[in-house]
Amino acid sequence: MNAHLVIQLARFGDVIQTKRLIRGLLADPDNLVHLTVDAGLVELSEMIYPDVVVHGLPVHDPRSDPATLIRACAEIFSAWKAADVARVYNLNHSGFNHVLAGLFAPEQVVGYQWNQGQALRGSWPETVFRLSAHRSANPLNLMDYWGFFLGQTQGVALDPALVNPPATPKGGGLGVVLAGRHARRTLPIPILARVIQAAAARIEGKIHLLGTAAEREAARALRPLLPAAIQGRLKDLTGRTGWTGLRDVVQGLDLLLTPDTGTMHLAAHLGAPVTAFFLSSAWAFETGPYGQGHQVWQSVEPCAPCLEAAPCPRSAACAQAFADKAVLARLARPAGQERTNHTDPPESLCLLRTGLDDFGLEFHPVAGKLPDQGTRLARRELLRSHRLRIGPRRVRQEQAAAEALYHEPDWMIDTP
């Protein structure tokens, strides 16, 4: 068999967003896939990818000592050597990733390479990195970005329709993710209480509060802000589920309310409907839920998407719009009837619905206006034609998109 190694040392959601690449590799019965992740994500990875050999490194555990890391590396390197890895997909631009990729010949590595002391990017990552100069016009989902690493080496990327099942209510009630990893991406508890109350008007059954033990205080603060009838439906699961328990709850939901989180990607992986709230630095086109039929309320403030590392001069004022009456009214309506409410949301919000085409994930505006929509569509169409090796469909601003994405050296022909 042909051994392929995927190095994915980022976090929960990133492991799931590697799915298009991994499933694309597994589509060839002659391929055996090895996946290297942070040690804390081994159980999750084995659950998501049962046909993959998973290796864990303690790269994000502050308690891990150098001796533990060295022993873990030695075991993993021995496994790689025994597997006779032919191709390496290095997905993260980090020092640790470069060290691991540097164990292989540069011509074996797709993505982020290490060659004679230099960190290098392949042509596809280099092109995509140029999108970061104007993030609000970035059309490319992370799942598709990594999925097309495969197209650089064999055939084409996996059909997007084969990645995740369409969103379908499962009958198990409402799920609520209380917080994301970044505080500014999380709805304040008073606003979240109003959002839950609106969604609970159309979703029957239990309301599952999801999060780590760190969110237990948020769960306690939320309860008294809800009517007594809704309080009686709450099931506080914060800090009480492992990976398997979280999967068992999420896969049965009628709807998951969430910021940009790993649990959101788990729901999309399982085909549970998602309504996500993207604000601050979160940008749906980059990391939104993958598949047919999910929804995202995207903040489109002039400063969005912002830089998470920079202080916010407005004290995350973008969160306030999510409590608008028009937003709550749409949340209270059954799926598919959102368009019957003619009240427009605030100018700072846009409601998006996910879909798929032959290139990957796309977003369709349902309410509100998107900034830079013409530029975004032109860039997406150019990327589509580039990766699928087909002529672009006619769009406006195509010349400007080409100038932004391609530099003159990209057209130079390699000489022997």
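This text goes through a sheet, the helices against it, the nonpolar cores and the aromatic pairs of a predicted model.

The sheet is a convenient place to start. It is open and built from six strands, ordered E3-E2-E1-E4-E5-E6, with mixed pairing. The edge positions are taken by strand E3 (53-57) and strand E6 (118-121); each has a single partner strand, so one side of each is left without a neighbour in the sheet. On average, and with direction ignored, neighbouring strands are turned by 35 degrees against each other. In general, strands of a sheet pair through backbone hydrogen bonds, in either the parallel or the antiparallel sense. Here, strand E2 (residues 31-38) runs parallel to E3, and five bridges join the two. Across from Asp38 stands Leu57 in E3.

Two helices can be placed against these strands. Helix H2 (residues 19-26) lies across strand E1 (2-7), E2 and strand E4 (87-90), and its direction is at about 155 degrees to E2. Helix H4 (residues 66-83) also packs on the sheet, where it touches E1, E2 and E3. The angle between the directions of H4 and E3 is about 155 degrees.

Next come the nonpolar cores. In soluble globular proteins, nonpolar side chains tend to be buried together. In this model the largest nonpolar core has 72 residues, and Val6, Tyr89, Tyr145 and Phe149 are those with the most contacts inside it. Another core lies apart from it and has 38 residues, including Leu187, Ile191, Ala193 and Ala319.

Tyr145 and Phe149 appear again among the aromatic rings: ring pairs link them with Trp124, Phe148 and Phe359 into a cluster. Phe148 also has a charge over its ring, that of Arg20, whose charged end sits 4.7 Å from the ring centre.

The whole structure holds 11 aromatic pairs. In one of them, the rings of Phe277 and Phe322 have centres 5.9 Å apart and planes at 80 degrees; the pair is edge-to-face because an angle over 60 degrees counts as such. This pair links distant parts of the chain, 45 residues apart. Phe277 belongs to strand E11 (residues 274-278), whereas Phe322 is in the loop between strand E12 (295-299) and helix H14 (325-331). Both Phe277 and Phe322 are buried.

Trp283 and Phe285 form a tilted aromatic pair, with 5.5 Å from centre to centre and 40 degrees between the planes. Trp283 and Phe285 are both buried. Over the face of Phe285 lies Arg376, at 4.3 Å from the ring centre.

Conventions: Residues numbered from 1 in each chain as written. Predicted model: local features only at pLDDT ≥ 70, side-chain atom pairs only at ≥ 80, totals over all residues. Heavy atoms only, no water. Phe/Tyr/Trp six-rings, centres within 6.5 Å; stacked < 30°, edge-to-face > 60°. Helix = DSSP H or I, 4+ residues; strand = E, 2+ residues; numbered from the N terminus. Buried < 20%, exposed > 50% of the residue type's maximum accessible area, 1.4 Å probe, protein only. Lys NZ or Arg CZ within 6 Å of the ring centre and 35° of its normal. Core = buried A, V, L, I, M, F, W, Y, C linked by side-chain atoms within 4.5 Å. Pairing = 2+ DSSP bridges. Axes fitted to C-alpha atoms, helices over the stretch in contact; angles between N-to-C directions. Contact = heavy atoms within 4.5 Å.
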